[in-house]
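Let us walk through this structure by way of its charged side chains and the helices that carry them. Keep the sequence at hand as you read.

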Amino acid sequence: MKKALLLPLMVFTFSTAALAQNKPIDEMFKVMSMDKQMSGGFEAMLPMIDQMTIKFKLDSEQKEELKNVFRTWFNEDLDREKMKNEFKRLYASNFTDAEIVKITEFYKTPVGVKFLEKSSHLMQQGAQIGMEEAQAKQAKLMERMQAFLVKHDIKQ
């Protein structure tokens, strides 16, 4: 009988500890408006959609339709709760609770609030900068890839 009660008690204890361990991260996500931050991820994809528009030679109506395909996928198909839980694990594996508390305190400051407000826009612009530079140097990559393929006798 004692063993039968011990297992549920252990499960409850570990579950409670795991939930308590997420409290600082939950608070940080609340302060960060994590749902809003995740929605900003769609905005960060816009440069990619712009590049696809150019590649596929789409007109403005087709471009908008393509954006709607991505928007629907982003809003309806991605499991945001699963993603948030993965983000929590990611933060928990890289920061201590004390560090999470300090990060959260920063996000509550005027500079932290401004950082959160600007971060999705900065990600979008950063992605655009990266894509533009990658496209500008694409020929050089192709040269390097060709040399690699020849060296290793890889047929395309």
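**Charged pairs and a helix crossing**

Glu86 and Arg89 sit 3 residues apart in helix α4, about one turn of the helix. The two form a salt bridge, with their closest N and O atoms 2.8 Å apart. The model is predicted. Glu86 is partly exposed, because its relative accessibility is 39% and the partly exposed class runs between 20% and 50%.

Stay in the helix. Lys84 also belongs to α4, which spans residues 80-94. Is Lys84 buried or exposed? Its relative accessibility is 13%, so Lys84 counts as buried, the limit for buried being under 20%. What does Lys84 touch? Beyond its neighbours within four places in sequence, Lys84 is in contact with Phe29, Met34, Asp35 and Met38. Closer along the chain, the side chains of Lys84 and Glu81 are joined by a polar contact of 3.2 Å.

Several of these partners lead to another helix. Helix α2 covers residues 34-56 and packs against α4 at an angle of about 105°, with the axes 12 Å apart. The two helices are therefore roughly perpendicular to each other, since angles of 65 to 115 degrees fall in that class. On the α2 side, the contact is made by Met34, Asp35, Met38 and Ser39. On the α4 side, Arg80, Met83, Lys84 and Phe87 take part. By class, this contact of α2 with α4 has 4 nonpolar, 1 polar and 3 charged residues.

Now follow the charges further. Side chains of opposite charge can pair when their charged atoms come close. The count comes to 9 salt bridges. One of them joins the side chains of Asp50 and Lys63, at 2.9 Å from N to O. Asp50 lies in α2 and Lys63 in helix α3 (residues 60-77), so this pair ties together parts that are 13 residues apart in sequence. Asp50 is partly exposed, with a relative accessible area of 26%. Lys63 counts as partly exposed too, at 25%.

Another salt bridge lies in helix α7, residues 138-151. Here the side chains of Lys140 and Glu143 meet at 3.6 Å, N to O. They are 3 residues apart, so about one helical turn separates them. Lys140 is partly exposed, with a relative accessible area of 41%. Which residues do salt bridges with shared partners join into one network? They are Asp35, Glu81 and Lys84. That brings us back to Lys84, the buried lysine of α4.

Key:
Residues numbered from 1 in each chain as written. Predicted model: local features only at pLDDT ≥ 70, side-chain atom pairs only at ≥ 80, totals over all residues. Heavy atoms only, no water. Helix = DSSP H or I, 4+ residues; strand = E, 2+ residues; numbered from the N terminus. Buried < 20%, exposed > 50% of the residue type's maximum accessible area, 1.4 Å probe, protein only. Polar contact = N/O pair within 3.5 Å; in protein donor to acceptor, adjacent residues only side chain to side chain. Contact = heavy atoms within 4.5 Å. Axes fitted to C-alpha atoms, helices over the stretch in contact; angles between N-to-C directions. Parallel < 35°, antiparallel > 145°, perpendicular 65-115°, else oblique. Nonpolar A, V, L, I, M, F, W, Y, C, P; charged D, E, K, R; others polar. Salt bridge = Lys/Arg side-chain N within 4 Å of Asp/Glu carboxyl O.
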